[in-house]
Amino acid sequence: MAAISAVAFVSPSHNSPFLRFPFSNLERIPPATPTLHDSCNSCINNPSPFRISKTPLGRWFHASSLAMDRSNSGRHTHDGRESQHLSNKKVYRRHRQNVDLPPVLPKNKKKPFPIPIQKMLQLSRQDKKLAEKGIEKPLKPPKNGLLVPELIPVAYEVLDYWKVLIRGLSQLMNVVTVYGCSKCPEVHVGPVGHQIQGCHGTGSEQRRNYHSWVKGSINDVLIPIESYHLFDPFGRRIKHETRFNYDRIPAVVELCIQAGADLPEYPSRRRTSPIRMLGKKVIDRGGYMEEPKPQCPEDYMSLLVELDTYGAKLEQPLLLSADKTRKLAETTLKAYSTVRRGVRQLMKEYSVKACGYCSEVHVGPWGHNVKLCGAFKHQWRDGKHGWQDATLDEVIPHNYVWHVCDPNGPPLRTALRRYYGKAPAVVEVCVQAGAEIPESYKPMMRLDIIVPDSEEARLVA
């Protein structure tokens, strides 16, 4: 009865657009709906079967119908604007203008977990429930010790391009000059060192935070991240007393070996039957096997030149023309992107651990027990590493350096540092050698920003 008393019936005319219930005549209302005040006046002036009452229920009834009419009339317009907004958003994501570098993590804190800790606790509780019931943990390759056949070609491809990358950088270092600070880890690629005051090393106060530049090497461009080579990753753990019994090789090479790449100098055990685990305990690993020793130590030196950055210094420099240098830079840059893409694909399946406090990396299902961590609060851990899942940037660090737009121009200065961009050191070396800048690194290099003069920079807001 309250709803009926809220509206008053009048005799409708046959030409009135309000012949039916107000919520059922949405298609009869013209698309361009006026404002609520104008609509109420038009409804009062024109005869209609429903007239607005002065009660709050009547006003709400009419306002709701007008709101639905507006939403229906402007549906196509809003859909068009929304689709255009989404298309512009996709274009922006595809062609980003400027991108900030990842933040530098403080050394007095632990690194964040790449996998959320809630998810790790959930998986741990599931394994514990299965172990309490006496059910073995279901494992798939490569978690059960077997190889993944689809990733064996990827391992060989990464290994081949890793050799191309080291060989190309060792030759480009004779063309492009690289400097390194003798007091801090700062690296600069260019004919002269920059004058940006950012050094916090020893004696930086006397030098007003200017860097002390010395001639750099390939290790300043491609930071060597090494790992212990394991004949059997699921065998005995490396102890602190037995650490000298294992070779240290690049982590990328060790990952390729465990993924299926065979190197006679670094043998690896290939299982034919999977291991069995109950919770966190390995109940069947197929016994222990002793690592075979290589017969020819001369093979180590030949392989060291190809796979390790320390052996790249043994190569003799070659005199290359400008065209050959440009082609070598493009080949090196392609090898760098291929190695990162392949390592990312291998790390999705094969386990790689990294210390949450220092730069130590270990390739295998669990970390070693060597007590050589000297980072934050290492006394509480007795020098042991705090192992967690590694990320791609921990296995192959980017090592960002300032991008020099004009190598023959004036050196970079502190007053104009906000106009400069950055790029990985490998990319900067290849670009200065003549390679084309990849699309993925253009946003962080700030190529669209014109660096002003020092006098003009004062006028910039």
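How much space lies in the largest cavity? About 110 Å³ of space lies there, in a model that is predicted.

## Overall make-up

The protein has 14 helices and 14 strands, and buried residues make up 38% of its 461 residues. Among the contacts with a separation of 6 or more, 72% are accounted for by residues 24 or more positions apart.

## Cavities

The structure holds three cavities of 30 Å³ or more. The largest cavity is lined by 14 residues, and those that lie nearest its centre are Trp162, Ile223, Pro224, Ile225 and Pro250. By class, this lining divides into eleven nonpolar residues, one polar residue and two charged residues.

## Helix H6 and its buried residues

Helix H6 comprises the 21 residues 152-172, which at 1.5 Å a residue should span 30 Å; the C-alpha atoms at its two ends are 30 Å apart, so the expected and computed spans agree. Its buried residues include Val154, Ala155, Val158, Leu159 and Trp162 in one part of the list, and Leu165, Ile166, Gly168, Leu169, Ser170, Gln171 and Leu172 in the other. Because an α-helix has 3.6 residues a turn, residues three or four places apart point the same way. Trp162, one of the buried residues of H6, is also one of the residues nearest the centre of the largest cavity.

## Val426 in helix H12

Val426 is found in helix H12, which covers residues 425-432. With a relative accessible area of 2%, under the 20% cut-off, Val426 counts as buried. Leaving aside neighbours within four places in sequence, Val426 is in contact with Leu165, Leu169, Val221, Leu222 and Tyr336; of these, Leu165 and Leu169 are among the buried residues of H6. Val426 and Tyr336 are 90 residues apart along the chain, yet their C-alpha atoms are separated by 7.7 Å.

## Arg271 and its polar contacts

Arg271 has its place in the loop between helix H8 (251-258) and strand S8 (276-278), and it is buried, with a relative accessible area of 12%. What does the side chain of Arg271 reach at 3.0 Å? The partner is the backbone oxygen of Arg285, while a polar contact of 2.7 Å joins the side chains of Arg271 and Asp232. Apart from neighbours within four places in sequence, the residues in contact with Arg271 are Gly145, Leu146, Asp232, Phe234 and Arg285.

## Asp127 in helix H5

Asp127 lies in helix H5 (residues 117-132), where its relative accessibility of 22% makes it partly exposed. Not counting residues up to four places away in sequence, Asp127 touches Lys137 and Gly279. Asp127 and Lys137 are ten residues apart along the chain, and their C-alpha atoms are separated by 6.7 Å.

## Backbone features in the loops

A cis peptide bond, with omega of about 5°, joins Pro141 and Pro142, and Pro142 lies in the loop between H5 and H6.

Arg208, although not a glycine, has a positive phi of about 55°; this residue is found in the loop between strand S4 (187-189) and strand S5 (213-215). Asn399 likewise is not a glycine and has a positive phi of about 55°, and its place is the loop between helix H11 (392-395) and strand S13 (400-402). Which of the words buried or exposed describes Arg208? Arg208 is exposed, with a relative accessible area of 56%, whereas Asn399 is buried at 16%.

Terms used
Residues numbered from 1 in each chain as written. Predicted model: local features only at pLDDT ≥ 70, side-chain atom pairs only at ≥ 80, totals over all residues. Heavy atoms only, no water. Helix = DSSP H or I, 4+ residues; strand = E, 2+ residues; numbered from the N terminus. Expected span 1.5 Å × (residues − 1). Buried < 20%, exposed > 50% of the residue type's maximum accessible area, 1.4 Å probe, protein only. Polar contact = N/O pair within 3.5 Å; in protein donor to acceptor, adjacent residues only side chain to side chain. Contact = heavy atoms within 4.5 Å. 1 Å grid on protein atoms, 1.4 Å probe; cavity = no way out; pocket = protein on both sides within 12 Å on 5 of 7 lines; lining within 4 Å. Points joined across faces, edges and corners; volume = space filled by probe spheres on them. Nonpolar A, V, L, I, M, F, W, Y, C, P; charged D, E, K, R; others polar.
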